[in-house]
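Colleague: I would like to learn how the words in a structure description are earned. Please set each value against its definition.

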Amino acid sequence: MTGTDFLALSPIIALAVGASVLLLQIAFLRNLKLTTGITVVTFLACLFFLFYITKLNHQTTPLLLVDPLSTFFSIVFVLCACITTFISYEYLKNRPGRNDEFFLLVVLATMGSIVLTYATHLASFILGLELMGIALYGLIAYPHQDDMSLEAAIKYLVLSGASSAALLFGFALLYAITGSLFFPDLLSGLASPEVAVGPQSPFWARQLILLGSALILAGISFKLSLAPFHMWTPDVYEGSPAPITGFLATISKGAVFAATLRLYVIGEFHNFPTIVTGLTILSIISILVGNLLALRQENIKRLLAYSSIAHFGYLLIALIAAGTLTPNGISAIEPSAYYLAGYIFTTLIATGLIAAISSSNNEENANLSDIAGLFWKNPLLALCLSVSLLSLAGIPLTAGFIGKLYIFQMGVEAGAWLLLSILIIGSGIGIYYYLRLIFSMTTDPSSSRSTLAPALPVTVSLITLTILVLYLGIYPQPLMEYLLWNT
Amino acid sequence: MNPLIIPLSHVLMLAALLFTAGLLGLLIRRNVIFILMSLEVMLNAAALAFVGASAHWGQTDGQIILLLILTIAAAEVAVGLGLVLQIQRRFKTLDLDVVSRMRG
Amino acid sequence: MENLAAEQSILPVFVFFGAILLLVATMLGIASVLGERKQTKTTDLPYESGIIAVGSSQVRLSVDFFLIAIFFVIFDLETVFIFAWAIAFFELGWHGYLAVVVFILILTIALIYEWKSGALNWGVKSQTARKETS
C-alpha cells in the first residue's frame with residue numbers, strides 16, 4: 001500500500017471511519033440530531049475526498065480501479081445519500097422507537113455502492129453488492145411494526161440473495177473456464193470460438209461460457225429489476241419507508257448499473273452476440289412492461305417502480321449500441337453516465353417529495369390522492385415535482401430529455417431501429433402517466449387531507465436537485481465534456 | 001495440468017445439481033425458514049464450483065471467494081433470521097403466502 | 001487419460017451406493033410385506049412400549065437463544081479471516097498485521113455496540129438502552 005493507494009481509497013476509508021464513530025456514538029449516547037450530524041459530516045468528508053481525487057486514475061490492488069468516471073458516479077451517489085439523510089431525519093424524528101441505527105445503515109449501504117462502483121474484481125464486486133444489499137434489508141424492514149415493510153424486506157432478501165447466488169454461480173463457471181476473476185481477464189481471448197481453455201472440449205467450454213454469462217445476466221437483471229425479473233420491484237418499493245424507496249431507486253440501482261457498465265466494457269462482453277441479443281430482449285420487455293404497467297398505478301411508489309424498470313430498459317440501449325459503434329464498447333460510457341446521473345437526480349426529487357409528505361403526516365402517504373391540490377398548498381415543491389416528472393417523461397429543457405436524446409442518437413448511429421421504435425412507443429406511453437400525476441396536483445386541494453410542511457434542509461435539497469436537473473437539461477456541455485474527456 | 005483426482009466437470013455438475021435443488025426449493029417451499037435454507041444451498045453450490053475451479057487452476061483465488069461467500073451467507077442469514085422472528089411475531093405464521101399481501 | 005482413470009476409481013463407489021439402496025429397499029420391502037399390522041391406542045405414541053410423553057412438544061423458547069445464535073453465526077465467521085491471516089502470518093508481515101488489527105478493532109467496536117445496547121443481556125432487553133434515549 002502506497003500513499004496513492006490510500007489517497008484513492010480515502011472516500012471509502014472516510015465512510016468506514018464514519019460508520020465506526022456512529023456505532024460508538026449510538027452505543028454510548030443515543031441522540032438522533034447528533035447521529036444525523038455525524039452522518040452528514042461523514043458524507044461531506046467523503047465528498048471532499050472524492051472531489052480531491054477526480055483526476056486520479058489508479059489501480060489500487062487488483063480489486064479496485066479508481067478512475068474519473070467511477071469517481072463521478074461516486075460523487076452522484078454520495079450527494080444523493082447526503083440528501084437522503086436530510087429526508088430520513090425529517091421522516092424519523094417524530095416516529096417512536098430507536099431510529100439511530102437507520103443512519104448507520106445508510107452510511108454502510110453508501111459505502112457498498114462506492115465499492116461496487118470501483119470494483120474490477122469479483123471479490124470487490126460481490127463485497128460491494130452484498131454490503132449494500134444487507135444494509136438495505138435492514139433499512140427496508142426498519143419500521144418493523146409495519147406489516148408491509150416486513151413483507152417487502154423478506155421478499156427483497158430472498159430474491160436479492162437468489163440473484164446473488166446466480167451471479168456467483170455464473171462467475172464460478174467463467175472462472176472454471178478462464179481461471180481469472182479479474183474483470184479485464186475474465187473473457188479475454190474467448191471471443192473467438194476456437195479458443196478453449198481447460199480440460200473441456202471447445203464445445204463444452206463455449207456452452208459453459210454461455211451458461212455462465214446467462215446466469216450473470218440474470219443476476220444483474222434482478223438487481224436492476226429488468227423485466228422479466230422485475231416482479232419484486234413494485235412490492236418492495238411500496239413497502240419500504242419512503243426515503244429508502246428513494247435509495248433503492250437511485251443509489252442502489254445506479255451503483256449496480258455503474259458496476260455492470262464497467263464489467264461490460266472492461267470484460268468486453270459486447271463481443272458475444274448472444275449476450276447482446278439477450279440484452280436487447282431484456283431492454284424491449286423492460287420498456288414495454290414498465291410503461292404499460294405504470295399506466296394503472298394509483299400508488300406513486302409503485303408507479304415510480306415501473307417507471308424505473310422502463311428507464312433501465314432505455315439505459316440498456318446504450319450498452320447494446322456500443323458494441324457496433326466502437327470495437328472496445330467505450331462509447332457506451334458517455335450517454336449512459338449522463339442518462340444515469342439525470343435519472344438519479346430526477347427520481348430522488350420525486351421520492352424525496354413523497355417522503356416529505358409522509359413525514360409531514362407521520363404515515364406512509366404515496367397515493368395519487370395525497371398529492372392532489374399540491375399546487376395550491378405548496379407551489380414551490382409542486383413545481384419541483386413537476387420538473388422531476390417532466391424530466392422522467394423526457395420533455396425538453398430537462399436532464400431526462402438530453403439523456404434520452406443522447407441514447408436516441410446513439411441508437412440511430414448504430415442502426416438499432418427496432419429498439420428505437422420501442423423507445424419512442426415507451427416514451428409516448430410514459431408522457432401520459434407522468435402528466436396524469438401533474439394534473440392530479442392541480443385538482444381541488446380539499447379532496448386530500450394530507451399536508452406538506454417539510455423542514456428547511458429538505459426543501460433546500462429538493463430545490464437544489466431541481467436546479468441540477470434543469471441545469472443539466474439547459475446547459476449540458478460541461479458534464480458532457482467532462483465525461484467525454486475522461487473516457 | 002490437472003491436479004484434481006475428481007475431474008472438474010464432475011464438480012461443476014454436482015454444483016449445478018445443488019444449485020438447481022436450491023432454486024427449486026426456493027420456488028416450491030412456502031415456509032420462510034426453508035426458503036432461507038434453499039438460499040444457503042444455492043450460495044454454497046456457487047462456493048463449491050469456485051473451490052473446484054480453484055483447485056483445477058491451482059490458485060487460491062477461488063478459495064478466498066469461498067470465504068467471502070461463507071461470510072455473505074452468514075450475514076444474509078443473520079438478517080433473514082431477524083426478519084423471521086419479526087414475521088412470526090406479527091403474522092403468527094411463517095408461511096410466505098400468508099405474509100404476502102401486496103399484489104405482484 | 002487422467003479423467004478416465006479418475007472415473008474408473010469412483011466406479012466402486014457407485015456400485016457400493018447401488019448395493020446399499022438395494023439392501024435397504026429389500027429390508028423395508030420384506031418387512032412391509034410379511035410384517036403384521038396392529039392398531040392399538042399405544043401404536044402412535046412416540047415410544048410405543050416406553051414411558052408416556054408428558055406435556056407439549058411445542059415448547060416456547062426464549063428469543064434470547066435466537067439472538068445469541070445469530071451473534072454466534074456472525075462472530076464465528078469473522079474468525080475465518082483471522083485464521084486465513086494466521087496461516088500466511090510471515091508472508092504478510094507488518095502490512096497483514098496492521099490489517100488484522102484494524103479488522104479486530106472494527107469487531108471490537110461492534111461488540112461494544114452490542115454490549116451497550118443491551119443485546120447481550122439475558123432477559124432484560126433494552127432497559128439500559130431506553131434509559132439513554134433522549
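Colleague: Which residues does Phe169(A) touch, not counting residues up to four places away in sequence?

Modeller: Phe169(A) touches Leu215(A), Phe19(B), Ala45(B), Ala46(B) and Ala49(B). Contact here has a cut-off: the C-beta atoms of two residues, placed from the backbone, lie within 7 Å. Two notes before we go on. This is a predicted model, where local features need pLDDT of at least 70 and side-chain atom pairs count only at pLDDT 80 or more, while totals for chains, interfaces and linings use all residues. Residues are numbered from 1 along each chain as its sequence is written, and chains are lettered from A and ligands numbered from 1 in the order in which they are written.

Colleague: What makes a group of residues a nonpolar core?

Modeller: The set must hold buried Ala, Val, Leu, Ile, Met, Phe, Trp, Tyr and Cys residues, joined through C-beta atoms within 7 Å. The largest one has 223 residues. Phe169(A) is among those with the most contacts inside this core, as are Ala46(B) and Ala49(B). Helix 6 of chain A gives the most to the core, with 21 residues. In general, nonpolar side chains tend to be buried together in soluble globular proteins.

Colleague: What makes a stretch a helix?

Modeller: A helix is a DSSP run of H or I with at least four residues, a strand is a run of E with at least two, and both are numbered from the N terminus. By that rule chain C has 4 helices and 0 strands.

Colleague: Why is Glu268(A) called buried or exposed?

Modeller: Count the other C-beta atoms within 10 Å of its own, with C-beta atoms placed from the backbone: 20 or more is buried, 12 or fewer is exposed, and in between is partly exposed. Glu268(A) has 21 such neighbours, so Glu268(A) counts as buried. Its place is the loop between helix 10 and helix 11 (273-294) of chain A. Its phi is positive, about 55°, although it is not a glycine.

Colleague: How do you know the class of Lys92(B)?

Modeller: Lys92(B) has 8 C-beta neighbours inside 10 Å, so Lys92(B) is exposed. Lys92(B) sits in the loop between helix 3 (61-91) and helix 4 (96-99) of chain B. Its phi is also positive, near 60°. Most residues other than glycine have a negative phi, and most peptide bonds are trans.

Colleague: And what class does Ile467(A) get?

Modeller: Ile467(A) has 13 other C-beta atoms within 10 Å, so Ile467(A) is partly exposed. Ile467(A) belongs to helix 18 (residues 456-474) of chain A.

Colleague: What makes helix 9 of chain A mostly covered?

Modeller: Of the 8 residues in helix 9 (residues 232-239) of chain A, 7 are buried. They include Thr233(A), Pro234(A) and Tyr237(A). These buried residues pack against helix 5 (122-140), helix 6 (147-178), helix 10 (242-266) and helix 12 (300-325) of chain A.

Colleague: Why do helix 5 and helix 6 of chain A count as parallel or antiparallel?

Modeller: The angle decides. Axes are lines fitted to C-alpha atoms, for helices over the stretch in contact, and angles run from 0 to 180 degrees between N-to-C directions. Under 35 degrees is roughly parallel, over 145 roughly antiparallel, 65 to 115 roughly perpendicular, and the rest oblique. Helix 5 and helix 6 of chain A pack at about 170°, with axes 9 Å apart. That makes helix 5 of chain A roughly antiparallel to helix 6 of chain A.

Colleague: What is the verdict for helix 13 and helix 15 of chain A?

Modeller: The axes of helix 13 (residues 333-361) and helix 15 (residues 379-393) of chain A come within 9 Å and cross at roughly 140°. Helix 13 and helix 15 of chain A are therefore oblique to each other.

Colleague: How do the residues of that contact divide by class?

Modeller: Ala, Val, Leu, Ile, Met, Phe, Trp, Tyr, Cys and Pro count as nonpolar, Asp, Glu, Lys and Arg as charged, and the others, Gly among them, as polar. The contact of helix 13 with helix 15 of chain A has 8 nonpolar, 4 polar and no charged residues.

Colleague: How many residues of chain B and chain C are in contact?

Modeller: 14 residues of chain B contact 12 residues of chain C. The chain B side has 11 nonpolar, 3 polar and no charged residues.
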